[in-house]
Amino acid sequence: MAAAAAGSGGVPGARVDWRLAAPLGLTYLAFFAAPFAILLGISFYADAEQTRLGLDSWTKFYGDAFYRKVIFDTLKLGVFAVLATTLLAYPLALVFRASSPRVQRLLIFIILMPLLTSVVIRTFAWIVILAREGVLNQTLIGLGLTSTPLNLLQTELGLVIALTQIEMPLMLLPLLTIMNQMDQNLVDASRALGASKWRTFFRVILPLTLPGWIAGATLVFASATTAFISQSVIGGARLVYLPSLIWQQSMVVYNWPFAAVASLTLLFTVLAGIMALGWLGRFARTS
């Protein structure tokens, strides 16, 4: 009886109608599986005119140190974005948890407000902030922290700063959700037993909120490594990442086989990061 109920979704006598999943399955086939198969097929052409088959595009991409560095830089950008958003998200989440309901509603509005603004507008706003005559440099000069403007545009540091603000809601929202479900008694018990605030954070709060952090880190990593607009506008031509390389090869050089190889590499790179975070999630404690 129990086995029959488990096989039918937990309800005795119920039968699963797999036709309910048909719309989602067809959508997946049409908009992901089919384009992926086409992209994979194009990548095995040996020339830009797609007249002969071969592994030339693959060997050229992975055999060149420049393109291997582009892969590494793309991964590094995603990791830096995750680390930066993590360092800022946890203090904000702790402040949110300790605030009154009215303040929490205000903080939620502030957190969600960037998501209500176009990423193009946010990216160009960061140009005004990071420019040599921008807000940040003028503030640093006014405080006497530097005598000359810092070069932040078209640098990895400036791009990470911009992506930290752009991707922050993706880290904060899952973290706030899991932190609100955390039992406050566990934190109080840790403090009552003599643990310091830092020890309580690392031994109680951090392990319990790890599932929320993994969800946020997955979203931030996937979004930062594929943030074509931010990488192109703030990073400029000096910084080359996989999304800009794909655009250049497909829309400027018109080398579709090479662009297909770069696209598949970007897909596998993001999937590798997600799988690594998923592997880490197996060690997360939810209670």
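User: Where does A162 lie?

Analyst: A162 lies in helix α8. The model in question is a predicted one.

User: Is A162 buried or exposed there?

Analyst: A162 counts as buried, because its relative accessibility is 0%, and the cut-off for buried is under 20% relative accessible area.

User: Which residues is A162 in contact with, leaving aside neighbours within four places in sequence?

Analyst: A162 is in contact with W126 and I234.

User: And how many Å apart are A162 and L193 in space?

Analyst: From C-alpha to C-alpha, A162 and L193 are 41 Å apart, with their positions 31 residues apart in sequence.

User: Switching to the interior, how many residues has the largest nonpolar core?

Analyst: The largest nonpolar core has 41 residues. V82, L159, M171, L175 and W213 have the most contacts inside it. Two or more residues each come from α4 (65–98), α6 (119–130), α8 (156–180), α10 (197–208) and α11 (210–225).

User: Which of those gives the most?

Analyst: Helix α8 gives the most to this core, with 11 residues.

User: What does M171 touch?

Analyst: Not counting residues up to four places away in sequence, M171 touches V82, T85, T86, A89, W213, G216, A217 and V220. Another core, of 14 residues, lies apart from the largest one, and W58, I71, F258 and A262 are among its members.

User: Now S230. Which helix is that in, and what is it in contact with?

Analyst: S230 has its place in helix α12. Its contacts, leaving aside neighbours within four places in sequence, are V119, T123, L159, L163, I166 and G235. S230 is buried, because its relative accessible area is 2%.

User: What about Y241, where is that found?

Analyst: Y241 is found in the loop between α12 and α13. Despite the loop position, Y241 is buried, with a relative accessible area of 2%. Its contacts, again without neighbours within four places in sequence, are V70, D73, T74, L77, E156, L159 and Q231. The C-alpha atom of Y241 is separated by 8.5 Å from that of F228, which is 13 residues away along the chain.

User: Which residues of α13 itself are buried?

Analyst: In helix α13 (residues 242–252), the buried residues are L242, P243, S244, L245, I246, Q249 and S250. The elements that cover them include α3 (56–63), α4, α11, α12 (228–235) and α14 (256–281).

User: What phi does Y254 take, just after α13?

Analyst: Y254 takes a positive phi of about 60°.

User: Stepping back, how many helices and strands are there?

Analyst: The protein chain comes to 14 helices and 0 strands.

User: What radius of gyration does the protein chain have?

Analyst: The protein chain has a radius of gyration of 24 Å, whereas a compact globule of 287 residues would have one near 19 Å. Along the principal axes, the C-alpha atoms fill a box of roughly 75 × 70 × 30 Å.

User: What share of the residues counts as buried, and how much area does the chain expose?

Analyst: Of the 287 residues, 38% count as buried. The chain exposes about 16800 Å², and carbon and sulfur atoms supply 70% of that area.

User: What share of the contacts with a separation of 6 or more comes from residues 24 or more positions apart?

Analyst: Residues 24 or more positions apart account for 69% of those contacts in the protein chain.

User: Lastly, how many charged side chains of each sign?

Analyst: The protein chain has 19 positive and 11 negative side chains. The centres of the two sets lie 13 Å apart.

Key. Residues numbered from 1 in each chain as written. Predicted model: local features only at pLDDT ≥ 70, side-chain atom pairs only at ≥ 80, totals over all residues. Heavy atoms only, no water. Core = buried A, V, L, I, M, F, W, Y, C linked by side-chain atoms within 4.5 Å. Buried < 20%, exposed > 50% of the residue type's maximum accessible area, 1.4 Å probe, protein only. Helix = DSSP H or I, 4+ residues; strand = E, 2+ residues; numbered from the N terminus. Contact = heavy atoms within 4.5 Å. Rg over C-alpha atoms; globule rule 2.2 N^0.38 Å. Areas by Shrake-Rupley, 256 points an atom, 1.4 Å probe, with all protein chains shown as cover. Lys, Arg positive; Asp, Glu negative; His and termini not counted. Charge placed at Lys NZ, Arg CZ, Asp CG, Glu CD.
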